[in-house]
Amino acid sequence: MGPHLRSMAGEVSALVARAQAGDAEAFGLLYDRHVDQLYRFLSSQVRDRQTAEDLTSETFLRALHNLSAFRPGGDFGTWLTAIARNLAGAHESHTVEFPVAEVHLQAEPASDPATTAVDRLAHAALIAGVDQLSAPQRQCIVLRYWRELSIDETAQAMGKTPKAIKGLQHKALNALRGLLPSGVVMPA
């Protein structure tokens, strides 16, 4: 680490120590230093400006409430990013499935009412099956198949490697096969 980076890290460490001692101005300076980078990160995770703004605020609120848990010598920016990633993941797993289900159910119906009914039942079974997966498996399936993200984009959104996403996707699809009644079409 060069002298300039050591100096910046030292400044951040000093600000964190002051904030941990109750100095609100120091926390405000930490906010100013990290807010833009954190917002950009969250914008890449949720792709909705208002949600990214809300999650940025929530990240700093959680950081403030848990400041005593931050260990001296740690990287404050990395700690904030971990909080933000967890919030984005929780937001994604709680908000994606049902709006997506509604969109798919509103697709143009088949001309035959019986076919439409079967399609709706199969779709409902698929949604119910995905809902039974573990949170990481569910998030992977939602991002890959409903959001149509690539392996690399899914890896970035989940904070994992592409290889880990391939493994997670494989396990999720196998688990989903076991949860679905026969005849329900799996994601391609």
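The following legends describe close-up views of a predicted model.

**Figure 1. Overall helical arrangement of the predicted protein.** The protein contains nine helices and zero strands. Along the sequence, these elements follow the pattern α-α-α-α-α-α-α-α-α. Of the 188 residues in the protein, 38% count as buried. Among contacts between residues at least 6 apart in sequence, 54% connect residues at least 24 apart.

**Figure 2. Packing of helix α2 against helix α3.** Helix α2 comprises residues 24-46 and helix α3 comprises residues 49-65; the two pack at an angle of about 140 degrees, and their axes lie 9 Å apart. This angle makes α2 oblique to α3. The crossing of the pair is right-handed. On the α2 side, the contact is made by Phe27, Leu30, Tyr31, His34, Val35, Leu38, Tyr39, Leu42, Ser43 and Val46. On the α3 side, the contributing residues are Arg49, Thr51, Ala52, Glu53, Leu55, Thr56, Thr59, Phe60, Ala63 and Leu64. Classified by residue type, the contact of α2 with α3 has 13 nonpolar, five polar and two charged residues.

**Figure 3. Helix α3 and the surroundings of Thr56.** The end C-alpha atoms of α3 are 24 Å apart, in agreement with the 24 Å that its 17 residues should span at 1.5 Å a residue. Buried positions in α3 are Thr51, Ala52, Leu55, Thr56, Thr59, Phe60 and Ala63. Thr56, located in this helix, has a relative accessible area of 5% and is therefore buried, the cut-off being under 20%. Residues up to four places away in sequence aside, Thr56 touches Val35, Leu38, Tyr39 and Leu42. These four residues also belong to the α2 side of the contact between α2 and α3.

**Figure 4. Val46 of helix α2 and its spatial relation to Ala88.** Val46 lies in helix α2 and takes part in the contact of α2 with α3. With a relative accessible area of 8%, Val46 is buried. Val46 and Ala88 are separated by 42 residues in sequence, while the distance between their C-alpha atoms is 6.8 Å.

**Figure 5. Extent and burial of helix α7.** Helix α7, formed by residues 135-146, has 12 residues. From its first C-alpha to its last, α7 reaches 15 Å, close to the 16 Å expected at 1.5 Å a residue. The helix is mostly covered, with 10 of its 12 residues buried. The buried set consists of Gln137, Arg138, Gln139, Cys140, Ile141, Val142, Leu143, Arg144, Tyr145 and Trp146. Just after α7, Glu148 adopts a positive phi of about 60 degrees.

**Figure 6. Packing of helix α7 against helix α8.** Helix α8 is formed by residues 151-158, and it packs with α7 at an angle of about 140 degrees, with the two axes 10 Å apart. The two helices are therefore oblique to each other. Their crossing is right-handed. From α7, the contact is made by Pro136, Gln139, Cys140, Leu143 and Arg144, and from α8 by Ile151, Thr154, Ala157 and Met158. By class, the contact of α7 with α8 has six nonpolar, two polar and one charged residues. Of the α7 residues in this contact, Gln139, Cys140, Leu143 and Arg144 are among the buried residues of the helix.

Technical notes:
Residues numbered from 1 in each chain as written. Predicted model: local features only at pLDDT ≥ 70, side-chain atom pairs only at ≥ 80, totals over all residues. Heavy atoms only, no water. Axes fitted to C-alpha atoms, helices over the stretch in contact; angles between N-to-C directions. Parallel < 35°, antiparallel > 145°, perpendicular 65-115°, else oblique. Left-handed = near helix turned anticlockwise from the far one by under 90°. Contact = heavy atoms within 4.5 Å. Nonpolar A, V, L, I, M, F, W, Y, C, P; charged D, E, K, R; others polar. Expected span 1.5 Å × (residues − 1). Buried < 20%, exposed > 50% of the residue type's maximum accessible area, 1.4 Å probe, protein only.
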